[in-house]
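Work through these exercises with the sequence and the model side by side. Try each task before reading its solution.

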Amino acid sequence: MKCKNHPQVDTDEVCNECGNAFCDDCLLEIRGKNVCEYCANEIINNYGDEKEKKEQREKEKAEEERLKKIEQQQKVTAAAAARPKPSCLGCGCGTFLLLCAIIIAAATIISLIT
Ligand SMILES: [Zn+2]
Ligand SMILES: [Zn+2]
């Protein structure tokens, strides 16, 4: 068989759609089929909408997931911000009281010396 586009090229491959003989250079793989350029265009035109819709759906899904991730991140940030900041007065760790005791002790010692 000769390629329909290249009469000088021998081939044993055919377009899965129109059945015409085409060489490797002329055949395209579309949706798992080896088809000629003409049939490839037909397939893309016929199924283009479906393909576009699928791509659109995937885009929307990706966008949704992206927004979800951002929302989650914001939640984590908000939770971190809502967490009370460690402070000696607020946390009851006793550092403030200890500090007071040291100051009082020091003042007492100073007053005893003088
Ligand atoms: Zn074809
Ligand atoms: Zn060819």
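**Exercise 1.** Among contacts in the chain between residues at least 6 apart in sequence, what percentage join residues at least 24 apart?

*Solution.* The model is predicted. Take the contacts between residues at least 6 apart in sequence; 2% of them join residues at least 24 apart.

**Exercise 2.** List the elements of the chain from the N terminus on.

*Solution.* Start with the count: the chain has three helices and two strands. Then put them in order: β-β-α-α-α.

**Exercise 3.** Find where confidence in the chain is lowest and where it is highest.

*Solution.* Begin with the whole chain. Its mean pLDDT is 86, and 89% of its residues reach 70 or more. Now go element by element. Helix α2, residues 88-91, is lowest, at a mean of 57. Strand β2, residues 33-35, is highest, at 92.

**Exercise 4.** Decide whether Lys33 is buried, exposed or partly exposed, and describe its surroundings.

*Solution.* Locate Lys33 in strand β2. Count the other C-beta atoms within 10 Å: there are 14. Buried needs 20 or more, and exposed needs 12 or fewer. So Lys33 is partly exposed. Next, set aside its neighbours within four places in sequence; Lys33 is then in contact with Asn16 and Glu17. Glu17 is 16 residues away in sequence, and the C-alpha to C-alpha distance is 8.2 Å.

**Exercise 5.** Do the same for Glu42.

*Solution.* Glu42 sits in helix α1, residues 37-82. It has 15 C-beta neighbours inside 10 Å, so it counts as partly exposed. Glu17 appears here too: 25 residues separate it from Glu42 in sequence, and their C-alpha atoms are 9.7 Å apart.

**Exercise 6.** Which residues form the largest nonpolar core?

*Solution.* First, the overall burial: 8% of the 114 residues count as buried. The largest nonpolar core has nine residues: Cys3, Cys15, Phe22, Cys26, Leu27, Val35, Cys36, Cys39 and Ala40. Then look around Leu27. Not counting residues up to four places away in sequence, Leu27 touches Glu13, Cys15, Phe22, Asn34, Val35 and Cys36. The general pattern: in soluble globular proteins, nonpolar side chains tend to be buried together.

**Exercise 7.** How many residues of α3 are buried?

*Solution.* Helix α3 covers residues 95-113, 19 in number. From its first C-alpha to its last it reaches 27 Å, close to the 27 Å expected at 1.5 Å a residue. The number buried is zero, so α3 lies largely in the open.

Note on methods: Residues numbered from 1 in each chain as written. Chains lettered and ligands numbered in written order. Predicted model: local features only at pLDDT ≥ 70, side-chain atom pairs only at ≥ 80, totals over all residues. Helix = DSSP H or I, 4+ residues; strand = E, 2+ residues; numbered from the N terminus. Core = buried A, V, L, I, M, F, W, Y, C linked by C-beta atoms within 7 Å. Contact = placed C-beta atoms within 7 Å. Expected span 1.5 Å × (residues − 1). pLDDT = per-residue confidence, 0-100.
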